[in-house]
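Q: Could you take me through one part of this model closely? I would like to look at the second largest pocket and at the element that gives the most to its lining.

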Amino acid sequence: MEEKVLILNFGGQYDQLIARRVRECNVYCEVKDYTVTLDEIKAFNPIGIIFTGGPDSVYAENSYHPAEGIFELGIPILGICYGCQLIAHHLGGSVTAAADNSAREYGKTLTTYDTDCLLFKGLPEKGISWMSHGDYMEKVPKGFKLTAHSDKCPNVAIADKEKKLYGVQFHPEVNHTENGTRMIGNFLYEVCSASGNWTMEGYKRRAIAEIRENVGDGRALLALSGGVDSSVCAALFAEAVGKQLTCVFVDHGLMRKNEGDEVEAAFKKWDINFIRVNAKDRFLSKLAGKTEPEEKRKIIGEEFIRVFEEEGKKIGKTDYLVQGTIYPDVIESGKENAATIKSHHNVGGLPDFVDFKEILEPLRLLFKDEVRALGRELGLAEYLVSRQPFPGPGLAIRIIGEITEEKLDILREADYIFREEISKAGIEHTMNQYFAALTNMRSVGVMGDGRTYDWAIALRSVSTADFMTADFVRIPYDVLETVSRRIVNEVPHVNRVLYDITSKPPATVEFE
Ligand code: XMP
């Protein structure tokens, strides 16, 4: 059985980041709401608990507090920011609003650490930490030692070695904190005595055994989109139950160049039932004349379900529907949602049309980078595993205005050239998503001796941590120049190439 760490979320913004750091240290963890009861915590049986930050003051009315008795369980605890203040508050210290700003700290702060403290063992004595707190610990609880300070604040970290309780005012999980991951690693290995048994090789073995046990001699159905999540899911099931799995790959004709064939080729090595439905004509005829982005999205989403439904009926009764839900979706779905900017279409959110005995989600505990690692472990082709995100509605939401076959061809070629040049320049790692879009603008140009009146291609490239906000990438001009020259020379009916220098917000990542 896996050793587990429990991350108690008190409403901070970094709960997922903390979880990712813990997993990067090869220790399994789960994020749970601060409301979990003492019995639930005992049943979970963690080797350590991490309290996240939170937006409130520990004294605020309705502020969040952990289950009573949590400090008496004998389980090591690391409190981060608000989590640190909770430890101080509950164990007889005191927390104060830094009214005169003297101890209020935001941003990068030079911090001095006591390297005798297990949390900072083996680290440099001084380093930058990322602070973001209005309140601070005024009085340290009995039994605790001060283990870090900054110029402004004497009480940056506290430790009770005997009770294995640790608190830091700063955020070790964010990249701005130097050696932050090592501090988390120290908590896991030095304080909680973790052995570090969370690896994708182990996960693969257990997941396969579990799938075999669950599915028995039943049949499973999976909608394969060619994206990383559904591909890894398919590979895992293929490995586990082979022919009992049917993958339905709906090729809506809105994929990038060669994508449909690549997806099909990647699954050749497994003996599964692979159905590719070439539904391009259906989708294009439904989309004919449509220009409004939301309408296009709805049409594609609905048509997708219709096609899948028809295939499902042909296949007959299936016991399990497999979905590629991943851990960030699971965590997010437990939170209040912000306003809907666009109606997302995902093959993940498939309907309840056929009656399945059960829905299986074998990736629901994994982060994206872990899903990729699992894909590699399963021997999936690298181009599938490292694929950048591609929206369910495909190129339809990268063509402004009406979608036609001719426009799709233009866009496919331009996008391919852009991706090829980014790869040749070796700068993929500087961007999280990059693609070409086809604007609905035609303008005058000159080619040879002739006048042209052709389309403008827009290039987009963003860097982002979470896709909620994003920056445009400063692609070197010489790379842009090569891309532009190749596109106007090699792609008929394009005479201009534009580069989108808008961030999100106010723009979005997609160009629709
Ligand atoms: P936006 O354009 O909303 O994009 O800033 C944020 C991220 O979401 C992706 N995206 C989608 N993914 N189905 C998906 O699976 C969709 O309908 C969809 N729309 C946008 C987009 O590619 C970017 O990564």
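A: Happy to; here is the pocket, followed by the helix beside it. This is a predicted model, in which local features need pLDDT of at least 70 and side-chain atom pairs pLDDT 80 or more, while totals for chains, interfaces and linings use all residues. Residues are numbered from 1 along each chain as its sequence is written, and side-chain values use heavy atoms, without hydrogens or water.

The second largest pocket holds about 530 Å³ of space. A pocket here is an open set of points on a 1 Å grid over the protein atoms alone, where a 1.4 Å probe fits, with protein on both sides within 12 Å along at least five of seven lines; lining residues have an atom within 4 Å of a point. The volume is the space filled by probe spheres set on those points, which are joined across faces, edges and corners.

Its lining has 22 residues, with Tyr-203, Ala-207, Glu-210, Pro-362 and Leu-365 nearest the centre. Strand S2 (28-33), helix H5 (200-215) and strand S16 (358-360) each give two or more residues, and H5 gives the most, with six. Helices (H or I, at least four residues) and strands (E, at least two) are DSSP runs, numbered from the N terminus.

Now to H5 itself. Its buried residues (under 20% relative accessible area, 1.4 Å probe, protein chains only) include Tyr-203, Ala-207 and Ile-211. The buried residues of H5 pack against helix H6 (228-241), strand S15 (320-322), S16 and helix H11 (368-377), where contact means heavy atoms within 4.5 Å. After H5 comes Gly-216, with a positive phi near 55°.

Terms used
Buried < 20%, exposed > 50% of the residue type's maximum accessible area, 1.4 Å probe, protein only.
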